[in-house]
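Let's work through a few exercises with the model open beside you. Take each task first, try it on screen, and then follow the solution.

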Amino acid sequence: MIFDLFGCELEQEKQLTLWLLECNKPSHEAFVLGLAAATLLGAAHVLTNLLGGCSVCTTDDISKATPIKQLSIACLVFTWIIFAVGLGTLVIGTKANHKSRTSCGYLHHHNYLSIGGILCFVHALFSVAYYVTSSQNLA
């Protein structure tokens with residue numbers, strides 16, 4: 001949830017819009033928060049995988065697995081996908097705030113940092129679901 005708050009705070013760049021031309025001035029605070037969000041997302045992903053453990057070894061195990069174990073595997077796959085997309089959007093948004101000059105272009109609103117923050121929240125939900133279902137497999 002902290003990542004989601006970071007992502008929403010990150011879109012604080014100063015914008016000037018004139019007709020169809022938009023100019024953005026990079027925000028150092030948004031850069032630092034984006035870097036922190038990406039780092040915390042990576043740490044959370046590593047921690048989730050360490051705590052959840054490996055619940056699948058071969059494809060034969062998946063087909064013979066109980067429904068709770070299959071749900072655990074599905075949550076694991078979704079956490080990896082959401083991690084990759086979320087980290088990518090955070091990196092793109094953070095890199096956009098690292099530029100030393102003001103950039104101008106046609107009007108387009110790419111809220112990469114906000115999207116990255118939302119994906120961090122979704123990653124947290126699937127990580128908790130993965131941990132709960134994988135711990136049920138052990139019991």
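Contact here means heavy atoms within 4.5 Å. Keep in mind that this is a predicted model.

**Exercise 1. Get your bearings**

Task: Find how many helices and strands the protein has, and in what order the elements run from the N terminus on.

Solution. Begin with the tally: there are five helices and three strands. Next, walk along the chain from the N terminus, and the elements come in the order α-β-β-α-α-α-β-α. Then look at burial, where 33% of the 139 residues in the protein are buried. Finally, turn to contacts between residues at least 6 apart in sequence: 80% of these join residues at least 24 apart.

**Exercise 2. Check two helices against their expected span**

Task: Work out whether the end-to-end reach of helix α4 agrees or disagrees with what its residues should span.

Solution. Helix α4 covers residues 67-96, which is 30 residues. At 1.5 Å a residue, α4 should span 44 Å. The end C-alpha atoms of α4 lie 43 Å apart, so the two values agree.

Now repeat the check on α2, which occupies residues 28-52. With 25 residues, α2 reaches 36 Å from its first C-alpha to its last, close to the expected 36 Å. Just after α2 comes G53, and its phi is positive, near 75 degrees.

**Exercise 3. Describe how α2 and α4 pack**

Task: Decide whether α2 and α4 are roughly parallel or roughly antiparallel, and list which residues meet.

Solution. Start with the geometry: the two helices pack at an angle of about 165 degrees, and their axes are 9 Å apart. Angles over 145 degrees count as roughly antiparallel, so α2 and α4 are roughly antiparallel to each other. The crossing of α2 and α4 is left-handed.

Next, collect the residues in contact. From α2 come F31, G34, L35, A37, A38, L41, G42, H45 and N49. They meet L76, T79, W80, F83, G86, L87, L90 and T94 of α4. Sorted by class, this contact holds ten nonpolar, seven polar and no charged residues.

Last, set the contact beside burial. Buried residues of α2 include F31, G34, A37, A38, L41 and H45. In α4, the buried ones include L76, T79, F83, G86, L90 and T94.

**Exercise 4. Follow I82 to its partners**

Task: Establish whether I82 is buried or exposed, and which residues I82 touches beyond four places in sequence.

Solution. First place the residue: I82 sits in helix α4. Its relative accessibility is 11%, so I82 counts as buried, the cut-off being under 20%. Leaving out residues up to four places away, I82 touches L87, L119, V122, H123 and F126. One of these, L119, is 37 residues from I82 in sequence, yet the C-alpha atoms of I82 and L119 are 6.5 Å apart.

**Exercise 5. Compare T48, T133 and I68**

Task: Find which residues T48 and T133 touch, and sort I68 as buried, partly exposed or exposed.

Solution. T48 belongs to helix α2 and is buried, at 13% relative accessible area. Setting aside neighbours within four places in sequence, T48 is in contact with S127 and Y130. The C-alpha atoms of T48 and Y131 are 6.9 Å apart, although 83 residues separate T48 from Y131 in sequence.

Move on to T133, which lies in helix α5, residues 112-138. T133 is buried too, with a relative accessible area of 7%. Not counting residues up to four places away, T133 touches I68, L71 and S72. Along the chain T133 and I73 are 60 residues apart, while their C-alpha atoms are separated by 8.9 Å.

Finish with I68, a residue of helix α4. Its relative accessible area is 35%, so I68 is partly exposed. Between the C-alpha atoms of I68 and V132 there are 9.9 Å, with their positions 64 residues apart in sequence.

Note on methods:
Residues numbered from 1 in each chain as written. Predicted model: local features only at pLDDT ≥ 70, side-chain atom pairs only at ≥ 80, totals over all residues. Heavy atoms only, no water. Helix = DSSP H or I, 4+ residues; strand = E, 2+ residues; numbered from the N terminus. Expected span 1.5 Å × (residues − 1). Buried < 20%, exposed > 50% of the residue type's maximum accessible area, 1.4 Å probe, protein only. Axes fitted to C-alpha atoms, helices over the stretch in contact; angles between N-to-C directions. Parallel < 35°, antiparallel > 145°, perpendicular 65-115°, else oblique. Left-handed = near helix turned anticlockwise from the far one by under 90°. Nonpolar A, V, L, I, M, F, W, Y, C, P; charged D, E, K, R; others polar.
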